Amino acid sequence: MKVARAAGWSRADLIWERLMERALAEAAAGHVRKAMRLFRLAGLLARIAFPGADLRQATAPANLAVLAFRSGALEEAEKLQARALRVWSGASEQVAEMFIAPRSRSSLFHLRMEALHRETYHGNLKIRIGAIASETEETLRSLTSGWPVGHRHASRWRGEKPVVFDGTRKVLGACLLLLDD
């Protein structure tokens, strides 16, 4: 927590991430009502604490849309999906503008290479995260279709979650803290 706060993350950033992780775990365990309550709480926190264009504003409504669709509440699911898609329309700008903090590297060679070619490293990272954001948009567009898109989200979070607290972690959280098909 101290590291995240020192990196400029707010308490709300940390709580939102934990609420989403817990909600996904509850949904995976079959505790749908508990998951919905946690997703709603995370969504409320996002609306209060994050800027309107923050991609994390789309994550809780998207998850709630999936759960509403699964329960047969199609009209509610479509409203939630539309809300998530409105936010997601600015994804490419957010990826382009996200703050990338320096990373620790496995060797002195890689550390020097990043120092010499920082723009290339950052560009490659933005391309990779942009591809994940595009996959997420495909998923959001299919939430109420009943057809699986085949992109993994929640199951990728543990492996893709950055160890640094910067913009990449916020964007990846928005992309990957989604229920899988």
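A salt bridge here is a side-chain nitrogen of Lys or Arg within 4 Å of a carboxyl oxygen of Asp or Glu. This is a predicted model, where local features need pLDDT of at least 70, side-chain atom pairs count only at pLDDT 80 or more, and totals for chains, interfaces and linings use all residues. Residues are numbered from 1 along each chain as its sequence is written, and side-chain values use heavy atoms, with hydrogens and water left out.

**View 1. Glu21 pairs up with Lys161.** The closest N and O atoms of this salt bridge sit 3.0 Å apart. Glu21 belongs to helix 2 and Lys161 to the loop between helix 9 (154-160) and helix 10, so the pair ties together parts 140 residues apart in sequence. (Helices are DSSP runs of H or I, at least four residues, numbered from the N terminus.) Glu21 is partly exposed at 27% relative accessible area, and Lys161 is partly exposed at 29%. On this scale, buried means under 20%, exposed over 50%, and partly exposed in between, using a 1.4 Å probe and protein chains only.

**View 2. Lys170 meets Asp13.** Here the closest N and O atoms are 3.6 Å apart. Lys170 lies in helix 10 (residues 167-176) and Asp13 in helix 2, so this salt bridge ties together parts that are 157 residues apart in sequence. Asp13 is buried, with a relative accessible area of 5%, while Lys170 is partly exposed at 25%. Both take part in a network of salt bridges with Asp54 and Arg56.

**View 3. Helix 2 packs on helix 4.** The axes of helix 2 (residues 11-28) and helix 4 (residues 56-70) are 12 Å apart, at an angle of about 20°. That makes the two helices roughly parallel (angles under 35 degrees count as such, over 145 as roughly antiparallel, 65 to 115 as roughly perpendicular and the rest as oblique). Axes are lines fitted to C-alpha atoms over the stretch in contact, and angles run from 0 to 180 degrees between N-to-C directions. Asp13, Trp16, Met20 and Leu24 of helix 2 touch Arg56, Thr59, Ala60 and Asn63 of helix 4, contact meaning heavy atoms within 4.5 Å.

**View 4. Thr139 sits in helix 8.** Thr139 is buried, with a relative accessible area of 6%. Leaving aside neighbours within four places in sequence, Thr139 is in contact with Val149, His151 and His153. The C-alpha atoms of Thr139 and Asp181 are separated by 9.1 Å, with their positions 42 residues apart along the chain.
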